[in-house]
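Colleague: Thanks for making time today. Could you walk me through this structure, one question after another?

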Amino acid sequence: KRDDVDVDKLEAAVAGLDVKDGGYKNFSDLPLSEPTTQGLKSSHFAVMTDIQARAIPLALKGHDILGAAKTGSGKTLSFVVPVLENLYRLQHVGMDAGLGALIISPTRELAIQIFDVLRLLGRHGHMFAAGLVIGGKSIEAEQQALTRMNILVGTPGRILQHLSQTVAFNVDDLKMLVLDEADRILDMGFQRDVDAIIEYLPKDRQTLLFSATQSRKVSDLARLSLQDPEYVSVHSED
Ligand code: ADP
Ligand code: MG
């Protein structure tokens, strides 16, 4: 564990966030760790998009979220920032901490994009280990690395394959599940894989579900995966 960070102070500031207020406009208005603050700054992210301004404070406070906003609205940071921050405040990082967050993406390309954002925000002092599980490499090669990861980004089929085959892959201490582009996950026929993945995961976790569109299938998945969620839906004016 690190002793150079004042987690208690951050925790108190997060507890004091007024999620009804809606007055948080910039990332700097939020109580974020120094590594994340630096990561955002060096990537020139300053003003939050609408979905970020509404979802991030709620997610920092531990709520489950069902978020809907069109493509290009900034959904990735809406979950990447809370994942990094919530694990940071829990000090759920490092070799022995195990898997803290699982991010499920419909395609390899989107998974790689999420991974790149994690890397971008993680390069200023964050200590988490993040990995990609998207197939294309031998399952054995992935198995080796898997057990050391704190954050995994992957596609449904490959994640499920590891959950069922990789004995050393322990998800018992998972704190956060993210379902990104949930509408596409379902359109691509991954519903049963995702249902099966969720069966493996601890019930006592935070789940963030993001989608570009709302549909019957998305609400079904939300009902199965989320607990008492906050609904964050951002509609464009045009
Ligand atoms: P979505 O997942 O909703 O389709 P992305 O998360 O991929 O959207 O973001 C779309 C683009 O907007 C990306 O290029 C991203 O870097 C940029 N972006 C996201 N949030 C911000 C922000 N707060 N300020 C500036 N650019 C942003
Ligand atoms: Mg996206």
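**Burial, core and ligand shell**

Modeller: Happy to, and let me start with Phe210: this residue is buried, because 24 other C-beta atoms lie within 10 Å. Keep in mind that the model is predicted.

Colleague: Which strand holds Phe210?

Modeller: Phe210 is in contact with Gly67, Lys75, Ser78, Phe79, Asp180, Glu181 and Ala182, once its neighbours within four places in sequence are left aside. As for its own place, Phe210 belongs to a strand that covers residues 206-211, and that is β6.

Colleague: How far apart are the C-alpha atoms of Phe210 and Pro106?

Modeller: Along the chain, 104 residues separate Phe210 and Pro106. In space, their C-alpha atoms are separated by 12 Å.

Colleague: Is Ser233 buried or exposed?

Modeller: Ser233 sits in strand β7, residues 230-234. A residue counts as exposed if 12 or fewer other C-beta atoms lie within 10 Å of its own. Ser233 has 12 such atoms within 10 Å, so Ser233 is exposed.

Colleague: And how far is Ser233 from Thr213 in space, C-alpha to C-alpha?

Modeller: In sequence, Ser233 and Thr213 are 20 residues apart. Taken C-alpha to C-alpha, their separation in space is 9.7 Å.

Colleague: Which helix gives the largest share of the largest nonpolar core?

Modeller: In soluble globular proteins, nonpolar side chains tend to be buried together. Here the largest nonpolar core has 63 residues, and Val80, Val83, Ile104, Val178 and Leu209 touch the most other members. Its largest share, eight residues, is supplied by the helix at residues 75-90, namely α4.

Colleague: Which residues is Leu209 in contact with, beyond its neighbours within four places in sequence?

Modeller: Leu209 is one of the core residues that touch the most other members. With those sequence neighbours left aside, its contacts are Ile65, Leu66, Gly67, Leu179, Ala182, Ala222, Ser225 and Leu226.

Colleague: What about ligand 1: how many charged residues are in its shell?

Modeller: There are 13 residues around ligand 1, and Thr71, Ser73, Gly74, Lys75 and Thr76 come nearest. Helix α4 provides the largest share of this shell, three residues. By type, the shell has five nonpolar residues and seven polar ones, and the number of charged residues is one.

Colleague: Finally, how confident is the predictor, and what is the ipTM of the complex?

Modeller: The chain has a mean pLDDT of 94, with 97% of its residues at 70 or more. For the complex, the predictor gives a pTM of 0.96 and an ipTM of 0.99.

Notes. Residues numbered from 1 in each chain as written. Chains lettered and ligands numbered in written order. Predicted model: local features only at pLDDT ≥ 70, side-chain atom pairs only at ≥ 80, totals over all residues. Core = buried A, V, L, I, M, F, W, Y, C linked by C-beta atoms within 7 Å. Buried ≥ 20, exposed ≤ 12 C-beta atoms within 10 Å, placed from the backbone. Helix = DSSP H or I, 4+ residues; strand = E, 2+ residues; numbered from the N terminus. Contact = placed C-beta atoms within 7 Å. Near = placed C-beta within 6 Å. Nonpolar A, V, L, I, M, F, W, Y, C, P; charged D, E, K, R; others polar. pLDDT = per-residue confidence, 0-100.
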